[in-house]
Amino acid sequence: MLLSQAKLGANMTLKDAQARQTALDIRESFIVQAPAGSGKTELLTQRFLALLATVEKPESILAITFTRKAAQEMRERILDRLKMAANSGDPQEAHAQTTYRLAKAVLTQNTERGWQLLDNPRRLKIQTIDSFCAELANTLPLTSELGAINQVTEKPWAHYQQAIQSLVNDAERDGYADTLTTLLLHLDNNLRHLSRLMSEMLATRDQWLPYVYAHKGHLKATADSVLANINQQQLAQLESAIPENIKKQAQGLLNALTIEPGTTLWHSLRALLMTQDGQWRKTFTAQQGLPSTASLKTAAEKDTVKALKAQLLALCEALDATEDVKDRLARVSELPPEAHSHSQWHVLQALFDLLPIAAAKLRLVWFSHSTVDFTEVHLAALHALGQFEAPSDLALALDYQLQHILVDEFQDTSSNQHHLLALLTQAWQAGDGRTLFCVGDPMQSIYRFRHAEVGLFLSVKDYGLGEIKPKFLALSSNFRSQADLVNWFNQSFQAIFPQLSDLQLGAVHYHAAAPIKPSENQAPRLCIAHDEPSEAAHIATLVEDTLNTHPNERIAILVRAKSQALLIFDALRARQIPFKATDIQPLASKPWVLDACSLLRAVLHLDDRTAWLATLRAPWCGLTLNSLFALSKNRENTLWENIQYAELCDDEQTRLQSVKAALETALNFRQQLSYSEILLYLWSTLKADTLYAGSQRNDMTAFFKLLRQEEARTPLLDADRFERELQGIFSNSDEDSLVEIMTIHKSKGLEFDTVIIPACQKRTLKTDSPLLLHAEFPRENDGVDLLLSPLPARGDDDAVYRYLQSLNKQKDEFENCRLLYVAATRAKKRLYFTATLDEDKNATRHSFLDYIQEHIQTDTIELDTSDTQPKPALVRRLNTDNLPKIEPKLFQGDQFELTVEPQRAALIGELLHEALEQISHDGVAQWSEQRIHAQRDYWLSRLNTLGLNEDELQRAIATLTSGLTHCLSDEKAQWILQPHKEAASEFAVTLPNGEKRVIDRTFVDEHGTRWIIDYKSAQCGNLALNTFLDKQTVQYAAQLYEYRDIVSAMYPEPVKLALYFPLEQLWLPINKQHTQDQQGKR
């Protein structure tokens, strides 16, 4: 948040004050560079308010963000500013006065036009790019060719594989077997390798599919013209960077030497003046065209050669002194040829023929599963808008409706998102009252792996978007970091970043910042250790000392790769320092999850000996290795059969019999119950939740949630696939800790008092060789060129593919600089870098250490880590006195019944919670009765796991449909689910005893009261309404009071409690007096 002028001091004004004021001119379009800590969100808020005060309808303003969190933050800021203007007087601070004045003007417009924005915040059109694309595709489902979108998957890999398998199976029938054979021969007849590579291509189809369709019939001519353009543009940029006198000098020297001429002057100079690795030559010999020493007979000849060498060295010095020439000249040798080779074009043509078929097969897969990926949504949105020369009815309607577009984080725009903006604004003209406002920071563009292209920011800045030529504004004030840090950023990154921006290479020069906060005499420091355990121990010391000195300040440890955090986890645990890890530790790495997987496999397959041995070895049983060996001797039987007749020593036999009883119960009901229910029964009965150190409740909740999802997806549970899915889920502790460990990418947009960046000596290498390598080249005059090259056959080389690999490597190196900048600028007060490096070694090139070593004070870490190494945590088996006591009646045939009704009610409640959570995320306006009915297939798949008959299934579906449909029209439900300040669904909290709970819905209302609301799926049935509500109050009040106590300790607002019953549309506030009255009645 921006500091007020009062806080800046009487004699201090912002250096970028004029740029901030200019950005509020709603007659103009702007592209704003807003570096880290410059108050970007507040500027967007002010611009939005300025526009709101002038439009006829709020819906004529569209604000696009890239994350739900950013969209929610912008909406909350706007509503907060409006509420403050409505309820408080004119503030004294100059900056606050600007926002206040804008908000007051909006309130006047709001009253005059009857918008009722505070009661209807959904009229503020603030959306993520994904939700906006989904809205476009759903508006015209036939035009978009997508149909109604039921579900968007974030894990589409299995669908890609299914599409490729269909492609291979249908090759003979559909007549493209020869084309497929061409690719197989190219890849050594390795079908598995081809399938994997083509699946990867489907993941990036938004980049190449429109290109293939647009240039069908003249692909080769287009591809070769792109190659020619790249050569011409790169050489033209190099030529324009070199002064004319130096060019003449270079040409004269080339004429004086006997060397074979290159393709151009610049190719010849590259070979003459530079070594193979792109460094200036220090000596020149006959290999560079000079006469050999043996051939020089006279002193005059020797003097001539000596003078030539001196001129060559002087030319190198002159070129080196010319900004950015060295890198550009070095890259000349990597430029591609001006046409594809015949052999590569043959393969490329086969790919152009097959990949559209693969994309079509994928669409059939989407329809069969009623799901799509985000890429398909984006492609459908583009299709729904039509073409530049033939816009669709939707595009024409949006052209009439939308007057202003704001785009946040514009540096992360992909070519498709850029194309979407171009389609939305294609009819806009300068001065027609419509404006585009793009805000971002190209220095923070770090999402190439998501297809972000920073060159698009530079292209719009320099050349505009279609007919729109936005004015460029640059912010410079840094409100986040203290002056010592900002000064270090300026000094260091000025040298680390490239000197010139290049939109084709994704190179961005550094834009200096002006510190607002005073110095705290805390310059960044680099700490170098001799081994990784010492480095981890030093980080733990830094954290411990900082917590002791500054007990209420936040600390972040930011890693590039998740593996870099593992030793740090151990070092912090060794010192008993609590921490929160965000998306670092895979769920499948936790011992309790591994044991649960073994238990699941054992129940699934009686002949899975490994799973059964692991189950019997797990701490709920804990058989010794000798006992396991004894049980395994008879290999003709399954282990389960051997258990029936096992005779072990007394202690071991007791353990086995206890577990046997629980397993027999579970196995008896495999046909009646789902595996998730069976496993949950075993997990509880075997006391598994009491056996492991650390918190495992959240992990197992996630485990069972995924298991239920897998059961809903298919009637035959696939344990291998389930465990693969587990790899993509992380164990996220929601512990309320001041210390957080996360990746640098996760930290973007956040700030911390102290930041520690470990493992700076390491460099993340990308070695992928995709089937079709492609790169986008933003054109200087607008638009994008696409260069493609197929993977060469084994042992072959291809100049175009090699060029694209080199280009990607260069882009990765530039992005690596930006990644360092993002990590460093999260710090408000203190910044530490740590690394492991042997004394006799230099930093790896292009590592963080390589970038910063010359610009920072360095300390060497000398630690004795023998006492700080964490001891391995032992999992101890249950004592025989604590083994579960299972009564024989529980597993004697029909004497034991697991009733389905409680399971049915629980599942209906879970499905209700899921739907209400989704509605709160999407917005009530995005849901209709039709969309609720579209959930039917998903609900049926979940309910089928209970073994219900047809009548029971239909009753359950009717209950869900009716309840949710009535919720959409219920004013109280609408109020609960609409956007609020600090709103959260499924909000996790920790109770004083360490147990975790989840609050269904919480938010701060318009009066400043924080609500805690729990959904209950209970129904009145035959009970009188008052009796039903009294029972619910007595049953759940204590639980809500627990929630209130923990939330009150976290937030300052007064708290109110309530239960909401979606199936009855009943609202039940809970207060202490009312609860006491009900308990007294009872």
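# Exercises on rings and charges in a predicted model

At 28% relative accessibility, glutamate 200 counts as partly exposed. This value, like the others below, comes from a predicted model. Let's work through some exercises together.

## Exercise 1: A salt bridge within a helix

**Task.** Find the distance of the salt bridge between glutamate 200 and arginine 196, and say where the two residues lie.

**Solution.**
- Step 1: Start with the distance. The side chains of arginine 196 and glutamate 200 meet at 2.7 Å, N to O, in a salt bridge. The cut-off for such a bridge is 4 Å.
- Step 2: Place the residues. Both belong to helix α11 (residues 191-203), and because they are four residues apart, about one helical turn separates them.
- Step 3: Check the exposure. Arginine 196 has 38% relative accessibility and counts as partly exposed. Glutamate 200, at 28%, is also partly exposed.

A general point helps here: side chains of opposite charge can pair when their charged atoms come close.

## Exercise 2: A salt bridge across the sequence

**Task.** Which parts of the chain does the pair of glutamate 409 and lysine 40 tie together?

**Solution.**
- Step 1: Confirm the pair. The closest N and O atoms of glutamate 409 and lysine 40 are 3.4 Å apart, and the two form a salt bridge.
- Step 2: Locate each partner. Lysine 40 is in helix α3 (residues 40-52), while glutamate 409 is in the loop between β4 (404-407) and α21 (415-424), so the pair ties together parts 369 residues apart in sequence.
- Step 3: Decide whether they are buried. Buried means under 20% relative accessible area. Glutamate 409 has 19% and is buried; lysine 40 has 15% and is buried as well.

## Exercise 3: Another salt bridge, and a network

**Task.** Are aspartate 1014 and lysine 1016 buried or exposed? Then list the residues of the network that contains Lys40.

**Solution.**
- Step 1: Aspartate 1014 and lysine 1016 form a salt bridge, with their closest N and O atoms 3.5 Å apart.
- Step 2: Aspartate 1014 is buried, at 2% relative accessible area. Lysine 1016 is buried too, at 13%.
- Step 3: Turn to the network. Lys40, Asp408, Glu409, Asp412 and Lys748 are joined by salt bridges that share partners.
- Step 4: For the wider picture, the count of salt bridges comes to 54.

## Exercise 4: Aromatic pairs

**Task.** How are the rings of phenylalanine 30 and phenylalanine 437 arranged, and how many residues apart are they?

**Solution.**
- Step 1: Set the scene. The structure holds 26 aromatic pairs.
- Step 2: Look at the geometry. The rings of phenylalanine 30 and phenylalanine 437 are 6.4 Å apart, centre to centre, with 80° between their planes, and the pair is edge-to-face.
- Step 3: Place them on the chain. Phenylalanine 30 is in strand β1 (residues 30-33) and phenylalanine 437 in strand β5 (residues 435-440), so to speak of distant parts of the chain fits: they are 407 residues apart.
- Step 4: Check burial. Phenylalanine 30 counts as buried at 1% relative accessibility, and phenylalanine 437 is buried at 0%.
- Step 5: Try a second pair. Tryptophan 488 and phenylalanine 489 have ring centres 6.2 Å apart and planes at 70°, so this pair is edge-to-face. Both residues are buried.
- Step 6: Follow the ring pairs onward. They link Trp488, Phe489, Phe493, Phe497, Tyr510, Tyr821 and Phe833 into a cluster.

How values were computed:
Residues are numbered from 1 along each chain as its sequence is written. Side-chain values use heavy atoms; hydrogens and water are left out. Rings of Phe, Tyr and Trp (its six-membered ring) pair if their centres lie within 6.5 Å; planes under 30 degrees apart count as stacked, over 60 as edge-to-face and the rest as tilted. Buried means under 20% relative accessible area, exposed over 50%, partly exposed in between (1.4 Å probe, protein chains only).
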